[in-house]
Amino acid sequence: MKKLPMLLQLIVPYVILICGSAAIDLTVGIAYFYGGILIFNVAYAFFLPKLGFDGRRILFWNVLLKLCNIPVVLCIMVFALVMTLVGGKNLGSDVAIMFKIVFCVCYVLQISTSIFGLSGLLWYRKQGLLSVKSVISRTLVQLIPLIGIWGSVYCYFSLRQKKRLTTEDEPVA
């Protein structure tokens with residue numbers, strides 16, 4: 001049940017694509033529902049540590065969400081390109097506006113998943129495993145378009161083995 005909001009964030013974009021390509025009238029309602037899921041998950045990402053998720057698991061969800069959004073972003077960009085090619089000269093100055101809207105939609109998807117990365121990095125910071133500079137730099141890398149995917153993968157693999165030494169883990173002298 002704790003993973004349901006994140007699973008919905010993974011599934012709903014593909015439902016929207018299927019409904020849109022099948023010309024089903026539910027696309028607008030599902031798109032609003034997806035917007036609600038994105039907004040909810042922005043806040044939910046910061047509650048995950050209280051629900052028992054450690055930094056490694058939160059960063060895993062960050063990577064998974066970003067990787068699953070790649071086909072959605074590509075479909076949005078291909079749709080914009082096809083509309084530009086089909087519209088041709090009839091679109092005129094609307095091409096720039098359309099590409100700004102496409103960029104904003106794709107960036108909203110990236111920001112909504114980068115919040116999970118920030119939450120995971122803050123968990124590592126609270127454990128004393130990361131400095132403030134490291135949290136800031138790793139978060140900024142995740143917010144750069146196209147590089148954010150590589151940044152989230154790097155964060156997950158570089159931090160997944162880090163854990164704080166407890167009294168049980170300390171070597172006995």
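Trainee: Let's start with I147. Is I147 buried, partly exposed or exposed?
Mentor: Keep in mind that this is a predicted model. I147 has 43% relative accessibility, and the middle class runs between 20% and 50%. I147 therefore counts as partly exposed.

Trainee: And which helix holds I147?
Mentor: Look at the last two helices here: helix 5 covers residues 132-143 and helix 6 covers residues 147-159. The place of I147 is in helix 6.

Trainee: Which residues form a nonpolar surface patch with I147, and what is the accessible area together?
Mentor: The partners of I147 in the patch are V141, I144 and L146. Taken together, the four have an accessible area of about 350 Å².

Trainee: At what angle do the axes of helix 5 and helix 6 cross?
Mentor: Two packed helices are described by the angle between their axes and the distance between the axes. For helix 5 and helix 6, the axes come within 6 Å. Their crossing angle is roughly 145 degrees.

Trainee: Which residues of helix 5 make that contact?
Mentor: On the helix 6 side you'll find I147, G148, G151, S152, Y154, C155, S158 and L159. Facing them from helix 5 are R138, V141 and Q142.

Trainee: How many of the residues in that contact are charged?
Mentor: Sort the contact of helix 5 with helix 6 by residue class: five are nonpolar and five are polar. The number of charged ones is one.

Trainee: What about S137: how far apart are the C-alpha atoms of S137 and G151?
Mentor: S137 lies in helix 5 and is partly exposed, with a relative accessible area of 39%. Along the chain, S137 and G151 are 14 residues apart. Their C-alpha atoms are separated by 10.0 Å.

Trainee: Moving to Q110, is Q110 buried or exposed?
Mentor: Q110 lies in helix 4, residues 94-126. Its relative accessible area is 13%, and the cut-off for that class is under 20%. So Q110 is buried.

Trainee: Which residues does Q110 touch, leaving out those up to four places away in sequence?
Mentor: One of them is K66. The others run from Q142 through L143, I144, P145 and L146 to G148. In full, Q110 touches K66, Q142, L143, I144, P145, L146 and G148.

Trainee: Why does N69 count as buried?
Mentor: N69 is found in helix 3, where its contacts beyond four places in sequence are P13, Y14, Y34, L109 and T113. A residue is called buried under 20% relative accessible area. N69 counts as buried because its relative accessibility is 7%.

Trainee: T84 is in helix 3 too; which residues beyond four places in sequence is T84 in contact with?
Mentor: Helix 3 spans residues 55-87, and T84 counts as buried at 17% relative accessibility. The C-alpha atoms of T84 and D94, ten residues apart along the chain, are separated by 9.2 Å. The contacts of T84 are L91, V95, M98 and F99.

Trainee: Zooming out, how many strands does the protein have?
Mentor: Reading along the sequence gives the pattern α-α-α-α-α-α. That fits six helices, and the strand count is zero.

Trainee: Last one: what percentage of the residues count as buried?
Mentor: On the outside, the protein exposes about 10800 Å², with carbon and sulfur atoms supplying 73% of it. Among contacts between residues at least 6 apart in sequence, 72% join residues at least 24 apart. Of the 173 residues, the share that counts as buried is 34%.

Conventions:
Residues numbered from 1 in each chain as written. Predicted model: local features only at pLDDT ≥ 70, side-chain atom pairs only at ≥ 80, totals over all residues. Heavy atoms only, no water. Axes fitted to C-alpha atoms, helices over the stretch in contact; angles between N-to-C directions. Helix = DSSP H or I, 4+ residues; strand = E, 2+ residues; numbered from the N terminus. Contact = heavy atoms within 4.5 Å. Nonpolar A, V, L, I, M, F, W, Y, C, P; charged D, E, K, R; others polar. Buried < 20%, exposed > 50% of the residue type's maximum accessible area, 1.4 Å probe, protein only. Areas by Shrake-Rupley, 256 points an atom, 1.4 Å probe, with all protein chains shown as cover. Patch = residues over 30% accessible without salt bridge, like charges linked within 9 Å, V, L, I, M, F, W, Y side chains within 5 Å. Salt bridge = Lys/Arg side-chain N within 4 Å of Asp/Glu carboxyl O.
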